[in-house]
Amino acid sequence: QYHSEPFRSDLDVTIPKLVVAQYHATLPEYKDCRLVRNPIDLYDQKFFPKYNSRKIRIGYSPSTLEPVTIWADKGYIETVPILNKIKKIYGDLVEIDIITGVPFDDCLKRKALCNIFIDEVKTPSYHRSGLEALGMGIATICSIGNDVEKILLDVSKAPNNPFINVNYFQLESKLIELIETGLDNLMEIGYNNRVWMEKYWHPKTIADEYVSIYNEIIK
């Protein structure tokens with residue numbers, strides 16, 4: 001099962017191959033792979049929605065601060081100045097939480113208190129971080145290309161893409177738009193995202209898909 005860039009992977013294998021249904025599935029190196037989803041344990045307490053109603057909080061948790069490859073780029077260089085500008089515009093009315101260099105559990109605790117979360121706005125793909133935010137009931141921003149969006153909809157059988165789909169050129173104006181709609185609207189978007197995940201990205205459904213594939217292989 002592939003979940004890395006092709007140059008990091010051994011492609012010359014004869015056993016059945018799977019690839020995670022994110023940007024990887026659009027690459028020609030993985031064209032002979034079956035698509036599988038990245039599950040989120042929605043009913044683990046770590047991913048229960050907290051629905052922070054105190055003040056609008058925007059979160060961003062890039063796993064890398066500098067671009068490594070075209071895909072291993074969380075847009076930190078482009079995103080942080082925009083967040084700093086939003087802070088200058090709104091002052092104490094909005095909180096900004098840039099989460100880096102902390103243990104995973106601490107990251108999740110801080111993420112859960114956000115009303116807006118930015119997966120990343122540089123590459124045309126969603127990631128596990130964005131799926132976690134959707135499951136936590138957070139309005140989640142991510143740049144998603146047409147090919148990846150089609151994959152997302154195909155594997156989920158959902159009628160819509162729950163991510164707020166903007167790139168870094170559009171990020172500032174979209175953040176302002178979301179903030180101006182108010183906290184109640186953001187919480188409603190977040191609630192709908194949680195419902196979407198429970199309906200279209202349920203961990204049991206995804207686990208059953210894996211079990212079915214593995215049973216085919218071992219017969």
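**Close-ups of a helix pair and a cavity**

**View 1. Helices H2 and H3 make a right-handed crossing.** This is a predicted model. H2 covers residues 104-111 and H3 covers residues 128-135, and their axes come within 11 Å of each other. The crossing angle is roughly 45°. Angles under 35 degrees would count as roughly parallel and 65 to 115 as roughly perpendicular, so H2 and H3 end up oblique to each other.

**View 2. Here are the side-by-side players where H2 meets H3.** On the H2 side, Phe104, Leu108 and Lys111 make the contact. H3 answers with Ser129, Glu132 and Ala133. What is the mix by class in the contact of H2 with H3? Sorted that way, there are three nonpolar residues, two charged ones and one polar one.

**View 3. The model has one cavity of 30 Å³ or more.** The space inside the largest cavity is about 50 Å³. Which helix gives the largest share of its lining? That would be H6 (residues 183-200), which supplies three residues.

**View 4. A closer look at what lines the largest cavity.** From the earlier part of the chain come Tyr51 and Asn52. Ala112, Cys114 and Asn115 also line the cavity, as do Met136, Gly137, Ile138 and Ala139. Leu186, Met187 and Gly190 finish the list. By class, the lining has eight nonpolar and four polar residues, with no charged ones. For the contact of H2 with H3, by comparison, the tally includes two charged residues.

Key: Residues numbered from 1 in each chain as written. Predicted model: local features only at pLDDT ≥ 70, side-chain atom pairs only at ≥ 80, totals over all residues. Heavy atoms only, no water. Axes fitted to C-alpha atoms, helices over the stretch in contact; angles between N-to-C directions. Helix = DSSP H or I, 4+ residues; strand = E, 2+ residues; numbered from the N terminus. Parallel < 35°, antiparallel > 145°, perpendicular 65-115°, else oblique. Left-handed = near helix turned anticlockwise from the far one by under 90°. Contact = heavy atoms within 4.5 Å. Nonpolar A, V, L, I, M, F, W, Y, C, P; charged D, E, K, R; others polar. 1 Å grid on protein atoms, 1.4 Å probe; cavity = no way out; pocket = protein on both sides within 12 Å on 5 of 7 lines; lining within 4 Å. Points joined across faces, edges and corners; volume = space filled by probe spheres on them.
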